[in-house]
Amino acid sequence: MASDTVLIIGGGPAGLEAARLLGDLGQKAVLVEQKSVLGGRPIDESYAALTHGFRSAEEAMNELITAAQANPSVSIRTGWEVAECSGAAGDFNVRLVKSGNGTSETVNAGSIIVATGFQHFDPGRETQMYGYYEYDDVITLGDAEKMLKEHKFVIPSKGSAPERVCFIQCVGSRDRQIGNEYCSKVCCGISSKLAIEIRQQSPSTKVFIFYIDMRMYGYWENEIYWPAQEKHHVQYVKGIITEIIRKGDRLLVRGEDTTMGRPMEVPMDVVVLAVGMEPSKGTKDVAKILGLKQNKYNFIEVPHDALDPTATSVPGIFVAGAAAGPKDLDDTMSMAGAAAMKAASTIRKLQNSNSKLQSASA
Amino acid sequence: MAVGLDKVRPENIHEEKSLILEGMDISGHWNRMFDPRVLTDYSVENLEKVAALPGGESLMWCYGCAKCTGVCPVDIVGDYSPRKIHRKTQAGMDLFTSPDLWLCTTCMNCLRVCPKEVNMIHIMPAVREQAVLNGEVPPELQKAFEDTAKHGNPLGQPQRKRADWAKSAGVPVPILKDLKRPVDVLWYVGSYPSYHPRGMDAARAAARIFNALGIDFGILGAEEKDDGDSQRLAGEKGLFEMLAEQNIAAFSKYEFNRMVVTGPHEFNAFKHEYPKYGGDFTVLHYTRFLVEHLDTLKPMLKKPLNPSTSSGRSLKVTFHDPCYLGRHNGEYDAPRELLRTIPGVELVEMGRCRENGYCCGGGGGGMWLDSHTKDHTQMRLSERRVREAAEYGAEVLAVCCPFEVSRFEDAAKSTGNDKLLVRDILELLDESMKG
C-alpha cells in the first residue's frame, strides 16, 4: 500500500505553494524546513519588493505561510533536516533529524517534492576585482534589498545618501572561469527593480546599470526595464565593469563604455553587484541524500526539462523552484503547482493499481 | 562594382606626409583620436536637461538598439545618429552647445524604425529653441531667421516682389486681392518658388498647368509669407507663430474651397501645425491635386520626353521622395503616378525610396545650415543622393519639393554628375504639354 503522504523539503516559495495546493487537494503533506522560520530567500534575505509586481515581499510570503499553516492536511516541521532516505515511489522512508538536539523521526512518504532553492553567488569568489570583502561600499543585491526594506539606502561607510550608485550585472554568472556558464535569469530584472526603488526613495541619487545584455524577457521589459529608464531615469550603459579601485573616499569603477568605444573610470558612492544564483547547500546535500542526479553546476538535474520540468532522475521525486536551476518567482510558483500535481497523482495511481490488484486476488 | 558597394582600395587612400591642422603639426603616424580617451564621468545632468523640456522627454528612452543609425541619412556622411546623441549626452555632452544639434534634418527616418519611439522631430526643435534663446545659433541660420522676420521669406527678398515671377509665366496668375471673388483653389506658392530662380521655373510651370486644366485659382501675392515650419523645426518657434498668425489672417480674408501648396513643408505646416493656431483649411500638395485631374491632364501630355523618339528608348527618371511629403505625411504614390503618365518616361527607383527615402539635407533648417553641415560631415546629403541617382542610371532626378531643385543641381555639379538633370515634376509636366 502506497503512503498517502507527500514529503516537501524546503519552506520557501516553492515548498509553501506545493504544501498549500496539496492541502487544498486533501492530500497529506509534511513540509520540512531546516531553518527555524519559513519563507525562504525572500524572508531570509529581507527582500523589499517582489520581482515582478512590486508587492511587499514580507506581506506576500506571509500570505503563503499562513495558507500552508492553516491547512489541516499540512504538517510543518521547522528546524528539521533530512538525514537519510530509502525505498522507492509509493514507499519512501525518510529520516528527519531535529537540528541541534539530534532527535530523529522517520516519515513514510509516497512521493517527495524537493524545493531546496538556491543561494546567491559569493562575490568573494569572482575572478574580477570587485573587492566585495575589502570595500564597505561594494554590496550585493541582497544587501541593497535589506537597506531598501528599511527605507534607508545609504553609503554603508558613511551613512549618508549616495550621490551615485551603480549596478554591475552578471557577477558570478555567464562565466566559464567561475564555472557558472548559465545566465541567472532574474538579476537584470532585480537590479532594475532595485534601481527604481532607489530612485523612488532617494530622487537625487543617480543610478547606473552596467550590463553585457539586458535580459528582460516577457513582461519584465515593459513592466520593469522601460519604466526604470523612461520614468525613473535609470541610466543603462552597455559595458561591464572590470575592476573597482579606491579613490579618496569613493570608488572608481573601471571598464569600457562599449557603445562609445572608450575606456571609462567613473566615481561611484555605492556599487551593487548583481550576484547570480547557485544551488543552495541544502539543494546539494538533499540531492545526495535522495540519490538525485545533479547537473554540472550541481543543480538538480531535470532530464526532460522542456516538457516535464519537475521530474528528477528518481521516479516519485519531483523538484520545484531554483533547486532545479535559475528560476524567477513565476517559474517557481508554476513548478510548485506542477510538482504538487505530479506528487499527488503518483500516490493515487499507485493506490488505484494496488486496490485493483487486491480486488483481483480477492 | 555592385551598386552601393563604394569600397575604397588601399592604393586610393592617401596619407598626408606632413599636415598642419589649426596650427598643430600632426605629420607622421598620427593618432586618430585627439580627445582624451578615458571617460572620467557621466554627467547625467545634460540628459536630464533635455528630458525636462516639453518634447525632449523621449531622448531618455533610447535603449541603444541602433536601428536609427542604420537609416539616419546624416550618419552615412558623418558620425551622427539619434542613438549616438543619446549616448553622448548620457556621457556628458552638452547638446545645447554641440555642433551635433544642427545636423538633424528632422527627416523622420529614425522615428519610423525606433522601437522606443524616441522622437527627434520633437527633441531637436525643443533643444534648438533653448539654443536660440541662448543665442547659440550658427550665423547662417541666424541670418535666415532674421531675413524671414524682416522680409517674410528666408531668402531676404522684398515682400512686395513676391508675385513678380508670375509676370513671365505667360498665363494669367490671378491675385486674390485684385480678383475680388471667391475661388476654388487658393494656391500657396511658397518662398522658394516665389524667389529662387529655379523655384520660379516650377511656379511658372504650375501656373501654365493650372491654366490649361481650367482651374479656378488665385494666389496671395504680396500677402503671402513664408510658412515658417522649417524655422520652427530649427528652433525659432516664436517666428513660426508670428508667420502662422499672419498667414492665417491672410487666408481668412478670402473665400476658397481648398488650398494647394507647391511644397511639402508648407503642406506639413498647414495640415498639422496651423490648426493649432486656428487655421484649419483643406490643403493638398500639388501632386495629389494634379492626380485628381489626371483624366484631363493625360491627353494634354503630348510630347514624349525621351531623348530620341526613333530609338524608342525612354528617358530614365528617378524620383526623390521629399521627407515631409512621404514619411511625414504618407504620400508616396501621387508623384509617381504623375511621372508614369508622362510619355517617354521610365520611372527608375533608387534603393532608398518611399518609406526609406534618403534626405536632401534641406529639412529642419538644413536649408540654411550648409556651411555648418559641410564642416561636420564628409559630404552634403544632397551630394550623397545625387550619387545614388547616378548609380541607378537615372538621367533625370525628379523632385516635388522647392528646397530640392537648387540643392540637387548644385550637388550634381559638385560631384561631377553634370549630366544628371534635376527637374521638378511640374517642369516635366509642363515640358510634355508643349507638344
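**Notes on the domains, helix packing and chain contact**

1. Let's start with the layout of chain A. In this predicted model, the centres of domain 1 of chain A and domain 2 of chain A, taken over C-alpha atoms, are separated by 33 Å. Domain 1 is assembled from two stretches, 5-117 + 280-361, while domain 2 covers 121-276. Their contact draws on 10 residues from domain 1 of chain A and 19 residues from domain 2 of chain A. On the side of domain 1 of chain A that touches domain 2 of chain A, 5 residues are nonpolar, 3 are polar and 2 are charged.

2. Chain B is worth viewing next. Its domain assignment gives domain 1 (40-133), domain 2 (139-294) and domain 3 (297-433). For domain 2 of chain B and domain 3 of chain B, the centres taken over C-alpha atoms are 22 Å apart. Here the contact involves 36 residues from domain 2 of chain B and 37 residues from domain 3 of chain B.

3. Which elements give two or more residues to the side of domain 2 of chain B that touches domain 3 of chain B? They are α7 (139-151), α9 (191-195), α10 (197-213), α11 (229-233), α13 (264-273) and α14 (286-292) of chain B. Of that side, the largest share comes from α10(B), with 10 residues. Sorted by class, the side of domain 2 of chain B that touches domain 3 of chain B holds 19 nonpolar, 11 polar and 6 charged residues.

4. While you are in chain B, have a look at the sheet. It is an open sheet of 4 strands, in the order β4-β3-β5-β6 (chain B), and the pairing is parallel. At its edges lie β4 (217-218) and β6 (283-285) of chain B, each pairing on one side only. The pairing of β4(B) with strand β3 (residues 183-188) of chain B is parallel and runs over 2 bridges. In this pair, B:Leu186 is set opposite B:Gly218 of β4(B).

5. Back in chain A, there are two helix packings to check. Helix α4 (residues 141-149) of chain A packs on helix α5 (residues 187-201) of chain A at an angle of about 30°, and the axes are 11 Å apart. Angles under 35 degrees count as roughly parallel, so α4(A) and α5(A) are roughly parallel to each other. Their crossing is left-handed. From α4(A), the contact uses A:Leu141, A:Ala144 and A:Leu148, and from α5(A) it uses A:Cys187, A:Ile190, A:Ser191, A:Leu194, A:Glu197 and A:Gln201. By class, the contact of α4(A) with α5(A) has 6 nonpolar, 2 polar and 1 charged.

6. The second packing brings α5(A) together with α6(A), at an angle of about 45° and with the axes 9 Å apart. That angle makes α5(A) oblique to α6(A). The crossing of α5(A) and α6(A) is left-handed. On α5(A), the residues are A:Gly189, A:Ser192, A:Lys193, A:Ala195 and A:Ile196; they meet A:Trp220, A:Ile224, A:Tyr225, A:Pro227 and A:Ala228 in α6(A). The contact of α5(A) with α6(A) comprises 7 nonpolar, 2 polar and 1 charged.

7. Two hairpins in chain A follow, and they share a strand. Strand β13 (residues 241-247) of chain A pairs with strand β14 (residues 250-257) of chain A in the antiparallel sense, over 6 bridges. A:Ile245 has A:Leu252 in β14(A) as its bridge partner. This hairpin has 2 residues between the strands, and A:Gly248 takes a positive phi near 60°.

8. In turn, β14(A) pairs with β15(A), antiparallel over 7 bridges. Opposite A:Gly255 stands A:Met264 in β15(A). In this hairpin, 4 residues lie between β14(A) and β15(A), and A:Gly261 in the turn has a positive phi of about 65°.

9. Finally, how do the chains meet? The contact takes 16 residues from chain A and 15 residues from chain B. On the side of chain A that touches chain B, β11 (206-211), α6 (220-230), β12 (235-238) and β15 (262-268) of chain A each supply at least two residues. The largest share of that side, 5 residues, is from β15(A). The side of chain A that touches chain B is made up of 6 nonpolar, 4 polar and 6 charged residues. Two elements from the earlier points thus return here: α6(A) and β15(A) are among those supplying at least two residues.

Technical notes. Residues are numbered from 1 along each chain as its sequence is written. Chains are lettered from A and ligands numbered from 1 in the order in which they are written. This is a predicted model: local features need pLDDT of at least 70, side-chain atom pairs count only at pLDDT 80 or more; totals for chains, interfaces and linings use all residues. Two residues are in contact if their C-beta atoms, placed from the backbone, lie within 7 Å. Ala, Val, Leu, Ile, Met, Phe, Trp, Tyr, Cys and Pro count as nonpolar, Asp, Glu, Lys and Arg as charged, and the others, Gly among them, as polar. Axes are lines fitted to C-alpha atoms, for helices over the stretch in contact, and angles run from 0 to 180 degrees between N-to-C directions. Angles under 35 degrees count as roughly parallel, over 145 as roughly antiparallel, 65 to 115 as roughly perpendicular and the rest as oblique. A crossing is left-handed if the near helix is turned anticlockwise from the far one by less than a right angle, and right-handed if clockwise. Domain bounds come from an automatic or database domain assignment. Two strands pair if DSSP finds at least two bridges between them.
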